[in-house]
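Colleague: I have just opened this structure and would love some help with the words people use for it. Could we go through them together?

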Amino acid sequence: MKSMSKNRRSYFDRFLLVRIALIALMVFGAFLIYFQTTALIRARQSVSWPRTTGVLSVEVGQYRKTLSYQYSVDGVTYTADRVIFGELGNRVRSKEWTAVSDSPNGSELAVYYNADNPEESTLFTELLSGSWFHFLLGSVFLLAGSILMILLPGSKRIAEPFAAEQPAKRTSIP
């Protein structure tokens, strides 16, 4: 009897861990979908943003380059680093980032800024090509996690009879 109770407990522990992992997968998928949807909306809005001139600042560190640019709107100077909407993670992979970072330090460049919030700006008024992949990946994570979460209670009912049928340990009598 004791081993049967222990089997149920260990099964319940695994069941709980699987649920937590599925919830984490769904949250990550929802984050990717939200991030990419927001980036798409902002990229479409940025097409109508006013344009100003900015000055590029490229810093070469030991392991990577960082870039930023300064621009002025109504006498106020702002500093930003967004090159294009949809950047997620390593920015060096985008061809737009590489093109800008290869420009000499102090170069003038076109900066598009949000007239309602001048701190928000970008150098390219489009969505990063290939960023649809993050949206698709997020959708797969969210959908797969949801389906498995729905099917998981059924797998518990299926697995319980197998746990109950396990033979009890035999002990030898001296």
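**Sheet, edges and a patch**

Modeller: Happily! There is an open sheet of 5 strands in the order 3-2-1-4-5, with antiparallel pairing. Strand 3 and strand 5 (121-122) stand at the edges, because each has a single partner strand and so one side without a neighbour in the sheet. This is a predicted model: local features need pLDDT of at least 70, side-chain atom pairs count only at pLDDT 80 or more, and totals for chains, interfaces and linings use all residues. Residues are numbered from 1 along each chain as its sequence is written, and side-chain values use heavy atoms, leaving out hydrogens and water.

Colleague: What makes strand 1 and strand 4 a pair?

Modeller: Pairing takes at least two bridges found by DSSP between two strands, strands being DSSP runs of E with at least two residues, numbered from the N terminus. Strand 1 (residues 51-60) and strand 4 (residues 108-113) have 5 bridges, in the antiparallel sense, so they pair by that rule. Arg51 has Tyr112 in strand 4 as its bridge partner.

Colleague: And which way do strand 2 and strand 3 run?

Modeller: Antiparallel: 5 bridges join strand 2 (residues 65-73) to strand 3 (residues 76-80). Gln70 stands opposite Thr79 in strand 3. Their hairpin has 2 residues between the strands, and Asp74 takes a positive phi near 55° there.

Colleague: Why is Phe133 called partly exposed?

Modeller: Buried means under 20% relative accessible area and exposed over 50%, with partly exposed in between (1.4 Å probe, protein chains only). Phe133 has 45%, so partly exposed is the right term. Its place is in helix 3 (residues 132-164).

Technical notes: Helix = DSSP H or I, 4+ residues; strand = E, 2+ residues; numbered from the N terminus.
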